[in-house]
Every structure is written in C-alpha cells, then in structure tokens.
Protein chains: 2
Amino acid sequence: MIELSRRAGIVDVAKKAGVSIATVSRVFNNTSYVSEDLVEKVIAAASSLGYKPNRVAQSLRKGRSRTIGFLVPDIVNPFFSSIVEGANRILYDTDYVSVVCSSSGDAEREGGLLETLYSSGIDGLVTVLLKEYDRHIDYVRLRGVPVVIVDDVVEEKKLSCVASDNYDGMKRLVEFLLNTGHKTFTFLGGSPETYSGKQRMRAFLDALKGKPGVRTEVISGEYTFESGFRMTDLLRKIPQAVVCGNDLIAFGAIYRLKEKGFDIPGDVSVTGFDDVVFSKMSDPPLTTARQDPYLMGEVAAKSILEKLDGNGSDGNILLHTELVIRRSTRGR
Amino acid sequence: MIELSRRAGIVDVAKKAGVSIATVSRVFNNTSYVSEDLVEKVIAAASSLGYKPNRVAQSLRKGRSRTIGFLVPDIVNPFFSSIVEGANRILYDTDYVSVVCSSSGDAEREGGLLETLYSSGIDGLVTVLLKEYDRHIDYVRLRGVPVVIVDDVVEEKKLSCVASDNYDGMKRLVEFLLNTGHKTFTFLGGSPETYSGKQRMRAFLDALKGKPGVRTEVISGEYTFESGFRMTDLLRKIPQAVVCGNDLIAFGAIYRLKEKGFDIPGDVSVTGFDDVVFSKMSDPPLTTARQDPYLMGEVAAKSILEKLDGNGSDGNILLHTELVIRRSTRGR
DNA sequence: CTGTTAGCGCATTCAA
DNA sequence: TTGAATGCGCTAACAG
C-alpha cells in the first residue's frame with residue numbers, strides 16, 4: 001500500500017479552490033459573508049481533500065479548545081464514569097467535547113494529570129478529587145478555567161461543588177430502620193477520610209443518638225466487597241441491623257452473613273448506599289439510598305456551561321437521595 | 001479576590017531570567033547543554049512564575065502530542081473502562097497521557113469523535129468500535145496514526161486487533177457442561193451483530209453439534225440483565241443448562257428462574273461469560289468464562305507503543321479465557 | 001554554549 | 001466581499 005500523503009491543511013484547500021486561506025477560514029467558521037460560488041468552491045476543494053480544521057492550531061490561535069476536561073479517581077468505578085456520562089449527555093447538545101483522565105487511585109498522579117489537562121487547553125474542568133481539596137491544585141494553577149468539584153463540598157468562593165446529600169440520605173435510612181422496630185445497629189463504614197464517608201457516619205450516629213434502648217457499634221473499612229466481608233467477621237454479636245457505608249460493603253456483609261447461616265432479613269437486616277445497578281439483582285435485593293451520579297454529572301456540566309457563558313454562579317449544590325426499600329430489610 | 005493574571009509563557013520566563021526563549025526551551029526539553037547558572041536562573045524564573053509549557057503550542061510545533069486517544073462505546077461499562085485502565089497502567093511508565101472519549105452507544109457520534117480525536121493531534125488510537133469496522137473510519141482518516149482495535153478482529157493489513165478468544169472460551173464452557181451430564185441446552189445470546197456475540201453463539205452451536213441425545217435451543221437478545229430476564233420468560237421448557245451470552249444475561253436469567261421457583265443448580269445450571277466483579281458475589285456465585293479486559297488494554301497499549309517506536313508488527317492477538325467453575329452449575 | 005529566526009495551522013485584524 | 005499580513009507559544013534549525 002502506498003504511503004498516505006500528509007494531512008490536508010488550510011493552504012491546500014485554499015490553493016485548490018483558488019482563494020485565500022482567509023476565505024477558507026471564513027467559510028468554515030462562517031464568521032462573515034462569503035459569496036455563493038466561493039463557498040461552493042471551498043466546500044468542494046475541502047471535501048475532495050478530506051480537509052478538517054486542525055483543532056490544535058485552532059486552540060492555539062483562539063485560546064480555547066471547546067473541550068471540557070474530566071479527572072476522576074477511578075474510571076472503572078461506575079459511580080465516577082456515570083458522572084462523566086451524565087455530563088456527556090449535556091455536552092452532546094453543545095459543540096464541546098469531553099476528554100477524561102483517570103488518576104487510577106494514585107494521588108501522585110492526580111496533580112500531574114491536572115497540569116496536563118490544564119496545559120492541554122481545556123476550557124473547563126469537572127473533577128472528583130482523590131485527596132482533600134487543595135487550593136493550590138486548581139485555584140492557583142487553573143487560572144481562569146472554570147472548575148466544578150463533584151462528590152465533595154468545599155467552602156471556597158469562586159468554586160462550585162455538586163454532591164449528594166449523603167447526610168440526609170443516611171439519616172432517613174436509619175430512621176426507616178428505627179420505625180420498623182430495629183434496636184441494635186452496627187455501622188460498617190467505608191473510607192472515613194472522604195466527604196461521603198464522613199457525612200454518612202455522622203448521620204448514622206446522629207440518627208441514633210439518645211434513642212432509648214438502642215445499641216450502636218461502628219466499624220470502619222473501605223468501600224469494597226472484601227472489606228464488607230472482613231468487617232462482618234469483626235462483629236461480636238449479630239445486630240438486628242447492619243448499616244453499610246455503601247452497596248459494595250453491603251454485598252460483602254450479606255455474602256458473609258449467609259455463609260454463616262443467617263437469614264436476611266429474617267435474622268438481620270442489611271442496608272447499603274448508592275443503589276448500584278447490581279443492588280436490584282442481589283439476593284435478597286438490597287435496601288439502600290439511591291444517589292444519581294448521572295444527574296450529578298448533568299448538573300456539573302450545566303454549571304460549567306453557565307460559567308463559560310459568563311453568568312456562572314458559584315456555590316454548592318446538594319442533590320436529594322431516594323430511599324429504595326427492597327427485601328434485605330424486614331418490614332416490621 | 002484579585003483577577004488572576006494571564007498564564008506565564010516562555011517569553012515571560014526568558015525575560016525574568018534574562019535569557020532567550022531558546023534557552024528556556026532548552027532547559028525544559030534538555031535538548032542540548034546549557035550552563036549551570038543559566039539553568040538555575042531559568043528554573044527559578046519558571047517556578048516563580050508557575051510556568052508550564054503549553055502543550056497545545058508544543059503539539060502544533062512538534063507535530064505530536066504525547067497523547068493516546070481512546071474511544072469506547074460506553075464509558076460506564078466496566079468492561080470498556082477496564083480496557084482503558086489496563087492501558088493506563090502501561091502508559092503510566094511512559095510520558096504519554098491518555099484521553100478517553102465515549103460514544104455512549106451512539107453510532108452517529110462515533111465518527112465525529114474519531115475526527116475530533118484525530119484532529120486533536122493524538123499520536124495513537126485504541127478503540128473498541130460500536131459499528132463494524134469501517135475502513136474509511138480510520139484508514140483514510142487517521143493517516144499515519146497507529147490504531148489498535150480491541151474486542152474485535154478485522155482482517156486488514158496495517159491494523160492490529162486484540163480480543164479474547166471468545167470462541168474457545170464458550171466452547172470449553174459448553175464442553176464442561178457436557179462432561180457434567182447436561183443434555184438439554186438453551187443459549188440466551190446477546191447482540192448477535194457483535195464480534196463476541198457471533199463467536200460465542202457459533203462456539204455454542206459447534207460444541208453441541210452432532211452430540212447424541214442433546215437438545216438445543218437458541219434465543220437472542222441483548223447483553224443486559226433485563227434482556228436475560230425477558231428471554232427466560234420465552235423458555236418453553238426449562239432445560240438442564242441455560243448458557244448465557246454474558247454474565248448480565250445470566251444474572252437476569254437466575255433472577256427470573258428463582259422467582260419461578262427453580263433451584264439453581266438443582267433444577268437448572270446457568271453459565272455466564274466475562275466474570276464481572278459481581279459474579280463471585282451473586283447467589284449462587286456464577287460459573288463463567290473469565291476474560292481479562294485489563295490485560296486487553298495492556299496489550300493494546302504495548303502494541304501502540306511499539307508502533308510509535310517504529311517497530312510495530314501488525315496482526316491480531318487473541319487472549320485466552322479462563323473457565324471459572326462456581327456454584328451456578330451442578331457438578332455432575 | 002547561546003541567541004535570532006522561521007514556521008507549525010489557523011483566525012483575525014487591516015486594507016483594498 | 002476578499003486577500004495579505006500578523007501572531008497564538010513553542011521548537012529547531014542556523015549563526016555566532
């Protein structure tokens with residue numbers, strides 16, 4: 001096969017159409033009127049050469065790239081990728097395109113990726129951060145680039161955050177358990193250093209504080225199946241309700257509890273948090289608090305778009321969660 | 001808060017350090033020797049200004065960007081995102097960075113994204129395509145940009161593909177079922193228009209063809225839980241083995257079968273394909289054929305890197321699958 | 001060893 | 001309405 005020729009540029013098109021490069025540029029950006037026949041000639045020349053404007057050159061020249069950067073801790077985790085997907089749904093109706101990077105859970109990489117993204121000329125950034133928000137990371141470095149942080153809430157002006165109301169969701173979940181007659185509770189928490197971890201644990205404690213006849217225990221681990229499994233082995237006495245930091249922990253707990261011969265919810269109720277796709281398929285289907293990562297992404301994208309339009313309001317947005325009562329908790 | 005000044009450029013650094021921009025460029029690319037004291041001055045000036053080279057300008061000038069583009073049909077599907085993550089693990093040790101796009105299952109968008117990616121100056125592309133491979137899409141358009149296609153096999157020179165050996169995996173799965181005494185089989189297939197769908201169905205049929213006393217039935221749907229659920233309702237008579245196109249279908253089938261009062265694997269064995277994370281947590285844990293999307297990504301990345309180094313071999317790579325026997329199939 | 005200069009491909013002044 | 005010229009920020013000759 002013959003070596004392919006180099007990509008056609010604006011000068012090739014101009015030459016072939018017998019016009020100046022300015023004219024070519026004008027028809028592609030329709031930035032001012034161009035006579036009918038010249039338009040035709042340019043279009044013809046361009047398509048015969050397979051010409052597409054070079055986005056790199058455009059970015060350099062214009063100072064913006066029509067790209068929104070995304071940085072997430074783990075692209076494989078559907079929670080994070082759903083945020084990106086939600087944003088995509090909004091961006092699809094615009095001429096922005098998204099580029100996403102994953103730090104793969106590596107905090108070291110996060111800073112570098114942020115730099116790279118920024119110096120790649122992104123027009124906006126939506127990110128969920130691994131580490132706690134570090135003002136240096138985006139305030140100093142991302143000069144002028146609008147940023148929205150997802151799944152975290154930082155009180156800092158000139159910054160927007162969108163997150164679920166983890167506190168409210170967990171509180172209502174525990175209150176439901178209380179209303180259905182549960183008296184002894186164990187919290188199998190995940191990652192207490194994260195925003196969501198903190199909020200959920202605090203809500204659990206607050207909901208139960210001072211309730212007569214209620215016994216409470218807290219164990220902390222990670223947001224994984226394995227961690228749920230292991231934490232279950234740490235239980236001294238099986239409580240009436242095992243309240244888990246998220247669905248994965250709940251799956252681990254359920255798995256281990258069943259192995260040990262307990263019936264769910266006959267002997268013990270188990271709850272999760274998130275409502276991942278699998279929660280409806282588990283046995284028994286999981287009672288949980290649903291948060292909507294797609295919506296979080298949509299809201300984040302809209303927020304970025306507004307900021308890009310100039311009329312962007314900073315501040316934080318808390319999204320409601322929805323209680324999903326399934327069969328992993330007993331009714332009464 | 002005071003409006004942040006514009007980003008520092010190479011001239012700012014040169015000015016502040018009292019050197020020429022060429023010298024600044026040299027220390028940042030260490031492309032030739034620069035005297036100690038000038039290096040120091042440049043470093044000092046650069047860091048005090050927070051200077052980082054503008055990747056857009058670099059790309060335009062050098063004609064390469066040190067980025068690898070990824071295009072996947074659905075970023076939320078862990079199978080696809082794991083491919084990206086696997087590739088990242090390889091790329092992490094290089095100075096390449098990956099940018100990923102998702103077509104969100106929209107074939108229309110796929111072509112546009114490909115264009116965008118290409119004109120954004122990516123140095124290489126790894127993609128799993130929604131539609132069947134269209135030679136126009138990357139051969140004509142991605143002139144000179146190395147491409148590797150994942151989860152599909154196309155016989156086309158100057159192209160590399162990496163995929164699992166779906167045929168072999170499914171065949172061994174069915175043979176295992178045969179060896180454990182199953183006689184009646186139903187295949188609950190997914191997306192027969194995809195490469196994997198075709199291979200798996202063909203393997204199922206081939207494995208059973210001409211076996212004495214074996215009865216076979218094929219139903220086709222999609223690679224989803226809901227589809228598995230619905231296809232199960234289409235079963236006229238419950239077979240001894242329900243062989244599913246992937247794990248999700250199997251989960252749907254198991255769910256529905258249990259609802260109908262069947263015991264798994266007492267009354268009916270069920271198998272999947274993929275071994276998604278959830279397969280070990282399901283009840284019962286799922287017998288399946290494991291494919292390793294991380295590995296696929298690693299292999300794809302290595303292949304791209306080789307092509308970029310000049311010594312790239314084209315051709316296809318088939319990865320082995322591993323039978324994972326769990327408790328959704330009866331032993332004998 | 002260091003500085004000057006010419007583009008990379010394009011959008012956008014400014015003239016005509 | 002169109003073209004010529006300038007420069008976005010940077011690297012790579014080419015001189016010195």
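A polar contact is taken here as a pair of N or O atoms within 3.5 Å; within protein, one atom must be able to donate a hydrogen and the other to accept it, and residues adjacent in sequence count only if both atoms are side-chain atoms. The model is predicted, so that local features need pLDDT of at least 70 and side-chain atom pairs count only at pLDDT 80 or more, while totals for chains, interfaces and linings use all residues. Residues are numbered from 1 along each chain as its sequence is written, chains are lettered from A and ligands numbered from 1 in the order in which they are written, and side-chain values use heavy atoms, with hydrogens and water left out.

Three polar contacts to phosphate oxygens of DNA strand C are described. The polar backbone atom of B:Ser20 is 3.1 Å from a phosphate oxygen of this strand. A polar side-chain atom of B:Thr23 lies 2.6 Å from a phosphate oxygen of DNA strand C, and for an N or O atom in the side chain of A:Ser25 the distance is 3.0 Å. Two or more residues of the surface near DNA strand C come from each of α2 and α4 (55-62) of chain A and α2 (21-29) and α4 (55-62) of chain B; helices (H or I, at least four residues) and strands (E, at least two) are DSSP runs, numbered from the N terminus. There are 26 residues around DNA strand C, of which A:Ile10, A:Arg61, B:Arg26, B:Ser35 and B:Arg61 come nearest; a residue is near a strand if one of its heavy atoms lies within 4 Å of it. By class this surface has 12 nonpolar, 9 polar and 5 charged residues, where Ala, Val, Leu, Ile, Met, Phe, Trp, Tyr, Cys and Pro count as nonpolar, Asp, Glu, Lys and Arg as charged, and the others, Gly among them, as polar. Sugar or phosphate accounts for 58% of the atoms of DNA strand C within 4 Å of the protein, and bases for the rest.

Around DNA strand D there are likewise 26 residues, and A:Thr23, A:Arg26, A:Ser35, B:Ile10 and B:Arg61 come nearest. A:Thr23 has a polar side-chain atom 2.4 Å from a phosphate oxygen of DNA strand D. For B:Ile10, a polar backbone atom is 2.4 Å from a phosphate oxygen of this strand, and a polar side-chain atom of B:Gln58 lies 2.8 Å from one. The largest share of the surface, 5 residues, comes from α2(B). The classes here are 12 nonpolar, 8 polar and 6 charged residues. Of the strand D atoms within 4 Å of the protein, 61% belong to sugar or phosphate.

Within chain A, helix α2 (residues 21-29) has A:Thr23, A:Val24 and A:Val27 as its buried residues, buried meaning under 20% relative accessible area, exposed over 50% and partly exposed in between (1.4 Å probe, protein chains only). Seen down the helix axis, these residues fall within an arc of 100 degrees, so they line one face of α2(A); the arc is that of the directions from the helix axis to the C-beta atoms. They pack against α1 (10-17) and α3 (36-49) of chain A, contact meaning heavy atoms within 4.5 Å.

A:Ser81, in helix α5 (residues 78-91) of chain A, is buried, with a relative accessible area of 0%. Not counting residues up to four places away in sequence, A:Ser81 touches A:Ile75, B:Ile75 and B:Val76.

Chain A can be laid on chain B with an RMSD of 0.1 Å by a turn of 180 degrees and a shift of 0.0 Å along the axis, with superposition by least squares on the C-alpha atoms of residues with pLDDT of at least 70 in both copies. This is the relation of a two-fold axis. The same surface serves both copies, as 100% of the contact residues of chain A recur in chain B.
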